[in-house]
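Please open the model in your viewer and keep the sequence panel visible. The tour below proceeds from one selection to the next.

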Amino acid sequence: MPTASHLKNSLYFDFRAARRVPETHAWPGLHEHPVVDGGEAAAAAAGTGDAVPVVDVRAPDAAARVARAAEQWGAFLVTGHGVPASLLARVEERIARMFALPAAEKMRAVRAPGEACGYGSPPISSSFSKRMWSEGYTFSPVSLRSDLRRLWPKAGDDYRLFCDVMEEFHKEMRQLADKLLELFLRALGLITGEQIAGVQAERKIGETMTATMHLNWYPRCPDPQRALGLIAHTDSGFFTFVLQNLVPGLQLFRRGPDRWVAVPAVPGAFVVNVGDLFHILTNGRFHSVYHRAVVNRDLDRISLGYFLGPPPHVKVAPLPEAVPRGRSPAYRAVTWPEYMAVRKKAFTTGGSALKMISAAAAAEPDDDVDVHA
């Protein structure tokens, strides 16, 4: 794979006009591992265990299903969530309209180096010399209207409709995030029946969890075998909900044997990816998932990542309930910004950020608030 360069090129690339994939966007090593279909029917026909788990959050055994999926896959599809299909359709429509804006208008909101929010290539792309076949827009739901004035400085109907839809979506997703967090906590034994055993942990995690939204547009590509929409990586936070249109493209990496599993595009379902900080919080019981996004020759793909994690000052460490009796925690306490710095170093060296902050590493002074203190 290309080596990290940390060079940021904010020049606009016109994907629509491209008749070939230039060397700047051509990724070697994309086909080192086979790709298998993660749909239930395809996996059954092939006699494999590669059907991506599906969890109906209304089911009586939802917590057990979530735990099994997070332990074995680090990802799963969520159904029965209650977010209206009509809202999801409006979200998808507004994302498509935003990325269809003229280049000059989108470039008004381009992310400057070091900025977290705005328009441009995926934030992770600054760590690699090759460019990805995608455009993105990142914003915080709590500052949505001020952030989006960069794109629509005069406000207007498109601005108002976009903000209204995204605020409605954020409200629904925050409720769903709380529901999923409760299922995770039940699986860890922090909630039994109606009793919350780890009330302080539940409050601190649930009440302080922050959200970030990242919109993705993966344009159709003249040679999808050479291009990549999003480089393989793990998410850094607690967990991520992914809304995608009906064009498949998300792939999960599995071992034994090594292969990529294509996540089916299930109408109305969200993909949930476990992130690195949740991996740490659960002492590795619920593991983060290595995933990537590929592109399509004939169809555009749209997705929305709803990322959840701790506030920047909070140190995340394994919950006591997640550490086996008589054993020490596998990871040391770390804040999200500290972890991102380690992750950036891991990209440059080809190492593992999780291994770098394992308990084997030197302990850091615990001056900040602990997420389970």
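Select Arg97 to begin: in this predicted model, Arg97 is partly exposed, with a relative accessible area of 42%. Add Asp158, which forms a salt bridge with Arg97, the closest N and O atoms being 3.5 Å apart. Because Asp158 belongs to helix α6 (residues 157-187) and Arg97 to helix α3 (residues 85-99), the pair ties together parts that are 61 residues apart in sequence. Asp158 also counts as partly exposed, at 31% relative accessibility.

**Further salt bridges**

Next, display Asp300 and Arg220. These two residues form a salt bridge whose closest N and O atoms are 3.7 Å apart. The pair links distant parts of the chain, 80 residues apart: Asp300 is in the loop between β14 and β15 (301-309), and Arg220 is in the loop between β8 and β9 (230-233). Arg220 is partly exposed, its relative accessible area being 38%. Then select Arg145, Asp157, Arg160, Asp164 and Glu167, which are joined into one network by salt bridges that share partners.

How many salt bridges does the structure hold? There are 21 salt bridges in the structure. Another stop is the pair Arg285 and Glu71, whose side chains meet in a salt bridge at 2.6 Å, N to O. Arg285 lies in the loop between α8 (276-281) and β14 (291-293), and Glu71 lies in helix α2 (residues 62-72), so this pair ties together parts that are 214 residues apart in sequence. Arg285 has a relative accessible area of 35% and is partly exposed; Glu71, at 33%, is partly exposed as well.

**A buried asparagine**

Move now to strand β8 (residues 210-218), where Asn216 is found. Is Asn216 buried or exposed? Its relative accessible area is 7%, so Asn216 falls under the 20% limit and is buried. Show the side chain of His214, with which the side chain of Asn216 makes a polar contact of 2.9 Å. Leaving aside neighbours within four places in sequence, Asn216 is in contact with Phe99, Glu135, Arg301, Ile302 and Ser303.

**The five-stranded sheet**

Switch to a cartoon view and colour the strands in the order β1-β12-β11-β14-β9, which form an open sheet with mixed pairing. The edges are held by β1 (35-37) and β9; each has a single partner strand, so one side of each is left without a neighbour in the sheet. On average, neighbouring strands of this sheet are turned by 25° against each other, direction ignored. Zoom in on strand β11 (residues 250-254) and strand β12 (residues 259-262), which run antiparallel and are joined by four bridges. Within this pairing, Gln251 has Ala262 in β12 as its bridge partner.

**Aromatic rings**

Finally, show the aromatic side chains; the whole structure contains 25 aromatic pairs. Phe13 and Phe15 form an edge-to-face pair, with 5.0 Å centre to centre and 75° between the planes. Both Phe13 and Phe15 are buried. Turn next to Phe184 and Phe239, whose ring centres are 5.5 Å apart and whose planes are at 45°, so this pair is tilted. Phe184 lies in helix α6 and Phe239 in strand β10 (residues 239-244), so the pair ties together parts that are 55 residues apart in sequence. Phe184 is buried at 0% relative accessibility, and Phe239 is buried at 1%. To end the tour, select the cluster that ring pairs link together, including Phe76, Phe169, Phe184, Phe239 and Tyr306.

Definitions and conventions. Residues are numbered from 1 along each chain as its sequence is written. This is a predicted model: local features need pLDDT of at least 70, side-chain atom pairs count only at pLDDT 80 or more; totals for chains, interfaces and linings use all residues. Side-chain values use heavy atoms; hydrogens and water are left out. Helices (H or I, at least four residues) and strands (E, at least two) are DSSP runs, numbered from the N terminus. Buried means under 20% relative accessible area, exposed over 50%, partly exposed in between (1.4 Å probe, protein chains only). A polar contact is a pair of N or O atoms within 3.5 Å; within protein, one must be able to donate a hydrogen and the other to accept it, and residues adjacent in sequence count only if both atoms are side-chain atoms. Contact means heavy atoms within 4.5 Å. A salt bridge is a side-chain nitrogen of Lys or Arg within 4 Å of a carboxyl oxygen of Asp or Glu. Two strands pair if DSSP finds at least two bridges between them. Axes are lines fitted to C-alpha atoms, for helices over the stretch in contact, and angles run from 0 to 180 degrees between N-to-C directions. Rings of Phe, Tyr and Trp (its six-membered ring) pair if their centres lie within 6.5 Å; planes under 30 degrees apart count as stacked, over 60 as edge-to-face and the rest as tilted.
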